[in-house]
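User: Please take a close look at one part of this model, the sheet and the helices packed around it. I would like a connected account rather than a list.

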Amino acid sequence: MPPPANLCQVGGFRAHTWEAKPKLLAEQLWSDQAGGLDLILGITPSGATYLYLPAEAATQYRRLFRRDARPVQSTGLVSLSPIRFSTIEALTRSLEDRVSKTKKGRAGTDNSRINMSYKLDELTKFGIVRGLFEKQRLLLRYCTGQISDQESPKFAIQPAQYAKSVRLVSFYFNIWERDSRPRSEREDSPIILDIGWSEFRPQTQPYMYLEVTSTAHIVVAENSLLKNPRGRAEFVYGDSLKLPQAEVSRMLQQFLSSNPGKPTIIMFHDQVERTSGIMSKDVLRTLGVDTTSWITDLDVCNSILCPAFYGSPYITQGLQTASATAQRNHKDVERDVEVGPSVRSPANREPLEHTSHVQRSRSPAPTGDHSSDVHIVDVRDMLYQALRQEDIRGDSVYANARMLGVDVSNIPPSGQNAGNDSRLMAQMWYAMASGNAFIEQKTERWPHGIHAQPQHSTLDEPPSTNTAAEQDEDDSDVDPNDAAPQPVVQKPKAALDPYELLEMSDYEDEDSDDD
């Protein structure tokens, strides 16, 4: 078990550095750098972010750090990950965003532009999705040799022997969107039109790229005559199969269990409004896949990156309870909903240590073999909750992949095909995980703001035009990364008239379009 990482905070609220002016601090840090500066990004359970140097590395900047400041330990952080600044301007901007301006009655809190929205002693959905995003980056860099075993301790990880053999898969589905049965019936037995999955792995030779080793597309025969408004698209990566649902179930279970002894990360792209609340796990359950032991939220990747800490590497049982609440409310569209109960009740509050990262003892590590664990990663949450930090409706896998720069030139822009989408999801994951830390990647991808260019959607609903609500407060109180989206009111869907059903094409012979 590796010891917690010892860190010195660079700039921001209660920093270890002497220099308070971001520009001067950036110049001093940059003086000996050639081509860029690598720091460590730490994320608190609330989602606040801080910049660090390993304590041993800080010794080369003796004049920058206060002598009386003791290094902090990583035990209060959800994740540690590398962050790179390619220009001194980018570093200066990041330090400026972390300047905490003291205000009357708020001297003991971080009210910097980038962290003021996050309470430092509570777990929120932002801490969960941001930590998950950064763990994907950390895992990819370890699996491709960009982070060595010798460098692992500074990120407070000790990867398992099976870490580099992790299996990466993606799963997507389409259900009948005109299903007018009661919600409980739709959730218990969704009408599945087709499913798709892909398996992939990152490669380093002759250069870094993502190799997709297989992609499958299967149409459920019993429902092959049912149509969604968008229609169907051709499967461009091979031949589609049309099979009875029982056979679809057998093939999917065989695929998921085909590599025992290897941990699996499975990618979802869940859109609540498109499927009326039906999630990937609901579809998998309908197809006979037991997902009850699959790992979500704070524990994702922990048994891979640091099995000695598995259970929750830095989080106590109280925080795990909040995590369970966060999972239930994960799709809440309201911007500032607090997820879960406060970890520390008012009666038990104590002065916060140094950077106000709550120091918690580790949970006892569960025993057992975790080499076959399955971890769930929602790539849509990575994009919208962590990277773009907005709530939106009317998006699609195609539109989201295109937004991330994935080549979609061979994919039909209209129509649905779960096989094509599963492949795009794999490439979405790689595009984000191979990039910079989420906070810098956002600026690099959308330097003029996330709404500077119109978004493209292939769904019937137009893309959301959510904009930040007008603020009456001072500019220093506005976090540029966390503009609250306007709430979206979804109109209830009317049940279909039985006679309308008879007029649909569901009962027409259109096999030629389905195969």
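Analyst: Helix 3 (residues 125-143) lies across strand 2, strand 3 and strand 5, and its direction makes an angle of about 70 degrees with strand 5. Here helices (H or I, at least four residues) and strands (E, at least two) are DSSP runs, numbered from the N terminus. Axes are lines fitted to C-alpha atoms, for helices over the stretch in contact, with angles from 0 to 180 degrees between N-to-C directions. The model is predicted, so local features need pLDDT of at least 70 and side-chain atom pairs count only at pLDDT 80 or more, while totals for chains, interfaces and linings use all residues. Residues are numbered from 1 along each chain as its sequence is written, and side-chain values use heavy atoms, with hydrogens and water left out.

Helix 2 (residues 88-97) also lies across strand 2, strand 3 and strand 5, running at about 135 degrees to strand 5.

The sheet beneath this description is open, with 5 strands in the order 4-1-3-2-5 and antiparallel pairing; two strands pair if DSSP finds at least two bridges between them. Strand 4 (72-73) and strand 5 (79-85) are the edges, and each has a single partner strand, so one side of each is left without a neighbour in the sheet. Strand 2 (residues 37-43) and strand 3 (residues 49-54) run antiparallel and are joined by 4 bridges. Ile40 stands opposite Tyr52 in strand 3.

Helix 3 also meets helix 10 (residues 379-388): their axes come within 9 Å and cross at roughly 110 degrees. That makes the two helices roughly perpendicular, a term for angles of 65 to 115 degrees, whereas under 35 is roughly parallel, over 145 roughly antiparallel and the rest oblique. The crossing of helix 3 and helix 10 is left-handed, meaning that the near helix is turned anticlockwise from the far one by less than a right angle; clockwise would be right-handed. Contact (heavy atoms within 4.5 Å) is made by Lys125, Val129, Arg130, Leu132, Phe133 and Gln136 of helix 3 and by Met382, Gln385, Ala386 and Leu387 of helix 10.

Helix 10 in turn passes helix 12 (residues 418-433), with axes within 9 Å and a crossing of roughly 40 degrees, again left-handed. Val379, Met382, Leu383 and Leu387 of helix 10 touch Met425, Met428, Trp429 and Met432 of helix 12.
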